[in-house]
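Here are a few exercises to work through with the model open in your viewer. Try each task before you read its solution.

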Amino acid sequence: MQLTIRHETRYTYSLPLAYTIQQLHLTPRVEPQQHVLSWQLSTPGHVHAYTDAYGNLSHMMTMDVPHQTLSIVASGVVQTTAPDRGRVPNGDTLSPLIFTVPTRLTAATPGILELAASCLPDGKAATRDLMCLAEHIFGAVRYQSGATAVDTTASDALALGQGVCQDHAHLFLACCHAHGIPARYVSGYIDPENSDHAASHAWVDAWADDKDYSGWVSIDVTHARLMTDAYCRLAIGRDYDGAAPVRGVRRGGGTESLSVDVQITPQ
C-alpha cells in the first residue's frame with residue numbers, strides 16, 4: 001500500500017513568544033516493512049537533524065526571535081507492506097529488557113495488576129496472550145476523543161473507563177511491564193478508513209514467545225488487531241513522552257491554542 005500523508009501542527013499564542021524549542025519525531029522510521037518514497041519537513045527556525053537513542057529519525061527545532069504563531073508540516077509518500085502475523089524484525093542494538101521498565105505514565109496499580117493477570121503469564125507471553133490483553137483493554141477503556149490528556153496515566157485511564165489510543169497503549173505497556181514482558185510505545189499514522197478515529201495514532205510492540213518465533217509483534221490495542229500495511233511508524237519509546245511526534249517548551253506566549261490536521265490517502 002502507498003500512504004500519502006500530510007500532518008500539520010499549528011500553534012497560536014495570545015502574546016509573542018521569546019523562545020521555542022520543539023523535539024520532532026515526524027520522519028518515518030527506517031524499517032523493512034516501510035519505505036519512504038518522498039518526505040518533507042517544513043518548519044521555521046533552526047532545525048538540527050539527529051537519530052535518537054531508540055533509532056528514531058528526529059529533529060530539534062528552535063526559534064529565538066519573537067513569534068506569535070508556529071506551523072510545522074510533515075508530508076510525503078510511504079510504501080508499506082503488512083508484516084507477517086504482525087511480526088516486525090528486531091533490527092535494534094538495544095536489549096528488549098530496557099522496555100520492561102515502568103515510567104510515570106505506565107506505573108502499575110492494583111487495577112492494572114488484576115487486568116494483566118487475566119491474560120498474561122509471568123516473564124513470557126505468546127501472541128495469543130498479548131491479543132487477549134488487547135481485547136480486554138479494548139473492552140475496559142472505551143474510545144472517547146477528548147476524554148484524556150497527554151499526561152493522563154494508564155491507571156487514570158483505566159479508572160475513567162475511557163480514553164484514546166495513547167491511553168490504550170500505556171495501559172498495555174503497564175500490564176506487560178508488570179509481568180516482565182518487554183513492550184514499547186509506537187507513534188505514527190493509520191489509514192482510519194471509515195472510522196471516527198484520528199489518523200495520527202499510537203500502538204505497541206510487545207515481545208512474543210511463540211513456538212516458531214521470539215521477537216516483536218506489533219499490536220494496535222485500540223482496534224484489538226495486529227499491525228497491517230495501513231500503518232506508518234514514526235517513532236518508538238518507553239511511552240508517549242519518548243515518542244511524541246511534537247513535544248517541547250516555550251518562553252512567554254500567554255495562552256496557547258493548538259490545532260492538528262492529519263490527512264491520510266491510501267493507494
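**Exercise 1. Two cysteines without a partner**

This is a predicted model. Work out why Cys175 has no disulfide bond, then do the same for Cys232.

Solution. Start with Cys175: the closest cysteine sulfur belongs to Cys176, and it sits 7.0 Å away, too far for a bond. The cut-off to hold it against is 2.5 Å between the sulfur atoms. Next, take Cys232. Its closest cysteine sulfur is in Cys165, at 15 Å, again too far for a bond. Last, check accessibility: Cys175 comes out at 0% relative accessible area and counts as buried, and Cys232 is buried too, with a value of 0%.

**Exercise 2. The disulfide**

Find how many disulfides the whole structure holds, then describe where the partners sit and which hand the bond has.

Solution. A search of the whole structure turns up one disulfide. It joins Cys119 to Cys132, with an S to S distance of 2.4 Å, which passes the 2.5 Å cut-off. Now place the partners: Cys119 is in the loop between helix 1 (110-117) and helix 2 (127-140), while Cys132 is in helix 2 itself. They are 13 residues apart, and the pair links distant parts of the chain. For the hand, look at the torsion about the S-S bond: it is about -60°, so the disulfide is left-handed. Finally, compare with the burial limit of 20%. Cys119 has a relative accessible area of 10%, so it is buried; Cys132 has 22%, so it is partly exposed.

**Exercise 3. A histidine in a helix**

Decide whether His177 is buried or exposed, and list what its side chain and the rest of the residue meet.

Solution. First, locate it: His177 belongs to helix 4 (residues 165-178). Its relative accessibility is 7%, so His177 counts as buried. Then look for a polar partner: a polar atom of the His177 side chain lies 3.0 Å from the backbone oxygen of Ala183. Leaving aside residues up to four places away in sequence, His177 touches Phe99, Thr100, Val101, Pro102, Thr106 and Ala183.

**Exercise 4. The sheet and its helices**

Write down the strand order of the five-stranded open sheet, name its edges, and say which helices lie on it.

Solution. The order is 11-10-9-8-12, with antiparallel pairing. Strand 11 (225-226) and strand 12 (231-237) are the edges, since each pairs on one side only. Zoom in on one pair: strand 9 (residues 200-210) and strand 10 (residues 213-220) run antiparallel over seven bridges, and Asp210 stands opposite Tyr213 of strand 10. Now add the helices. Helix 4 packs on the sheet, touching strand 8 (183-190), strand 9 and strand 10, and its direction makes about 25° with that of strand 9. Helix 2 lies across strand 9, strand 10 and strand 11, at about 145° to strand 9.

**Exercise 5. A threonine in a loop**

Place Thr255 in the fold, and say whether Thr255 is buried or exposed.

Solution. Thr255 sits in the loop between strand 13 (246-252) and strand 14 (256-266). With 54% relative accessibility, it counts as exposed. For its contacts, skip residues up to four places away in sequence: Thr255 touches Thr12, Tyr13 and Ser14. As a last step, pick the C-alpha atoms of Thr255 and Thr148: they are 20 Å apart, with the two positions 107 residues apart along the chain.

Methods:
Residues numbered from 1 in each chain as written. Predicted model: local features only at pLDDT ≥ 70, side-chain atom pairs only at ≥ 80, totals over all residues. Heavy atoms only, no water. Helix = DSSP H or I, 4+ residues; strand = E, 2+ residues; numbered from the N terminus. Buried < 20%, exposed > 50% of the residue type's maximum accessible area, 1.4 Å probe, protein only. Contact = heavy atoms within 4.5 Å. Polar contact = N/O pair within 3.5 Å; in protein donor to acceptor, adjacent residues only side chain to side chain. Pairing = 2+ DSSP bridges. Axes fitted to C-alpha atoms, helices over the stretch in contact; angles between N-to-C directions.
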